[in-house]
Amino acid sequence: MTFTFVSNYINHHQIPLCDALYERLGKGFAFIQTMPMEAERVEMGWGVAENEIPYVMCLYEDEYECLKRIMESDVVLFGWTGREDIVTPRLQSGKTTLRVSERLYREGQWKAVSPRGLIAKYREHIRYRKENVCMLCAGAYAASDFHLIGAYPDKLFKWGYFTKLRTYGDGAFAAMKPKEGPLQIVWAGRFIPLKHPEYAVRLGAALQKNGHAFRIHMLGGGEMEAALKQEIRREGLSESFVFYGYTGPEQVRDVMEKCHIHLFTSNHLEGWGAVVNEGMNSGCVEVVDARVGAAPFLIRHGENGLLYQSGSYDEMEALVFDLFENWEARRAMGRAAYETIRDMWNAEHAAAALLQFSDRLRQGKIVPEKEGPLSPAPVIKPR
């Protein structure tokens, strides 16, 4: 089988899956990058040397060979490309094609009533509803958006991002999370309004007021950084917060391994949230806004993490306080989170499921997985 993945650019969230596909297919696999990575992402530590990765082809360097590969591959998976003109010929060819997408209407499904928008969605998606093409939903609410416009009926499947997997023996895992001393909390991401880093500062003030021993590790940077640090000083929290700035993926994971709790406070505009995968793989107890795309796919509330509703700071705070007051009873959630990533939501498992699904699709059969990646994506209302 020849399999080609086409997306805007390769990054550390895509590489584990691509490596797993390349390991299975060799030269039968290629990733086509349609544009260079933005400078902002490079500064955040996302940059990779794409010219040193054997399976990467760049559309903007050799368009002829890339387009030839797209049309001749047995299976093509299209992510966001910024080039619908290279997607359309493949879809019209009738050859086996997959698409992967986050939400269409993050800002609200009311946008689906726009006549101009519906015309665009018809051209990109709806008109292929009966063709040999399926949609991989990178986020739990994406299926609702596609269902709303009548695209891909009975052809919407769970998908996501698959970060680098770290595995630990029982002894090593237990040693990562010290029983003594303050509970360690990690928050990672850009300091921008949609991610609500100010929730971590409010939480720190509340924990200090109630006499809890803690330390909050803030990884990232952005427009809100100065204001956050000023508020921390005003509240007398400087000894309880550590700021790292933008760090590479490996350092993020190193910090997470030492932490007991991972806060992910993004709102409904967060399509997936790969940092949730990383926190779970690191054995953190996740406290996550339920509107984040990854949350309903990865987290079973009270078993392998905790979800709070509708961006409620008060509900989030209550969940964290419960963890502090009942830590020994709750710490098993971190182990369950780790096992969720180790056993199911990882690149190796996803690659195997993807190739099996694709092979059957080439035969005209749609055979979903029973759970996890490539299982049917339920239609979950965003609200």
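# Exercises on two parallel sheets and their helices

**Exercise 1.** In this predicted model, determine how the axes of helices α3 and α4 are related and which residues make the contact.

*Solution.* Step 1. The axes of α3 (residues 63-72) and α4 (residues 84-93) come within 9 Å and cross at roughly 25 degrees. Step 2. Angles under 35 degrees count as roughly parallel, and therefore α3 is roughly parallel to α4. Step 3. The crossing in which α3 passes α4 is right-handed. Step 4. On the α3 side the contact is made by L67, I70, M71 and E72, and on the α4 side by I86, P89, R90 and S93. Step 5. Sorted by class, the residues of this contact are five nonpolar, one polar and two charged.

**Exercise 2.** Give the strand order of the seven-stranded sheet and identify its edge strands.

*Solution.* Step 1. The seven strands follow the order β3-β2-β1-β4-β5-β6-β7, in an open sheet with parallel pairing. Step 2. β3 (56-58) and β7 (156-159) are the edge strands, each pairing on one side only. Step 3. From one strand to the next, the twist averages 25 degrees.

**Exercise 3.** Describe how β1 pairs with β2, and state which strands helix α1 touches.

*Solution.* Step 1. Five bridges link β1 (residues 3-7) with β2 (residues 29-33), in the parallel sense. Step 2. Within this pairing, S7 has Q33 of β2 as its bridge partner. Step 3. Helix α1 (residues 15-25) packs on the sheet and touches β1, β2 and β7, and the direction of α1 makes about 145 degrees with that of β2. Step 4. The residues I15, P16, L17, C18, A20 and L21 of α1 are buried. Step 5. These buried residues pack against β1, β2 and β7, and also against helix α16 (347-362). Step 6. Just after α1, G26 adopts a positive phi of about 60 degrees.

**Exercise 4.** For strand β4, decide which residues are buried on each face, and find the residues opposite L77 and V76.

*Solution.* Step 1. Strand β4 (residues 75-78) is covered on both faces: V75 and L77 are buried on one side, and V76 and F78 are buried on the other. Step 2. β4 runs parallel to β1, to which four bridges join it, and F5 stands opposite L77. Step 3. β4 also runs parallel to β5 (residues 97-101), with three bridges between them, and T97 of β5 stands opposite V76.

**Exercise 5.** Establish the order of the six-stranded sheet, and explain why one side of each edge strand has no neighbour in the sheet.

*Solution.* Step 1. The order is β10-β9-β8-β11-β12-β13, and this sheet is open with parallel pairing. Step 2. β10 (241-245) and β13 (306-308) stand at the edges with a single partner strand each, so one side of each lacks a neighbour in the sheet. Step 3. Direction ignored, neighbouring strands of this sheet are turned by 20 degrees against each other on average. Step 4. At the β13 edge, β12 (residues 285-289) pairs with β13 in the parallel sense over three bridges, and the bridge partner of D289 is Y308 in β13. Step 5. Helix α13 (residues 313-325) packs on the sheet, touching β8 (183-188), β9 (214-219), β11 (261-264), β12 and β13, and the direction of α13 makes about 155 degrees with that of β13.

**Exercise 6.** Analyse the contacts of helix α11 with α10 and with α15.

*Solution.* Step 1. The axes of α10 (residues 249-257) and α11 (residues 274-281) come within 9 Å and cross at roughly 45 degrees. Step 2. The two helices are therefore oblique to each other, and their crossing is right-handed. Step 3. In this contact, V252, R253 and M256 of α10 meet V275, E278, G279 and N281 of α11. Step 4. By class, these residues are three nonpolar, two polar and two charged. Step 5. Against α15 (residues 332-343), α11 packs at an angle of about 115 degrees, with the axes 7 Å apart. Step 6. Here N277, M280 and N281 of α11 meet G334, A337, Y338, T340 and I341 of α15. Step 7. The contact of α11 with α15 comprises four nonpolar and four polar residues, and no charged ones. Step 8. N281 of α11 takes part in the contact with α10 and in the contact with α15.

Note on methods: Residues numbered from 1 in each chain as written. Predicted model: local features only at pLDDT ≥ 70, side-chain atom pairs only at ≥ 80, totals over all residues. Heavy atoms only, no water. Pairing = 2+ DSSP bridges. Axes fitted to C-alpha atoms, helices over the stretch in contact; angles between N-to-C directions. Contact = heavy atoms within 4.5 Å. Parallel < 35°, antiparallel > 145°, perpendicular 65-115°, else oblique. Left-handed = near helix turned anticlockwise from the far one by under 90°. Nonpolar A, V, L, I, M, F, W, Y, C, P; charged D, E, K, R; others polar. Buried < 20%, exposed > 50% of the residue type's maximum accessible area, 1.4 Å probe, protein only.
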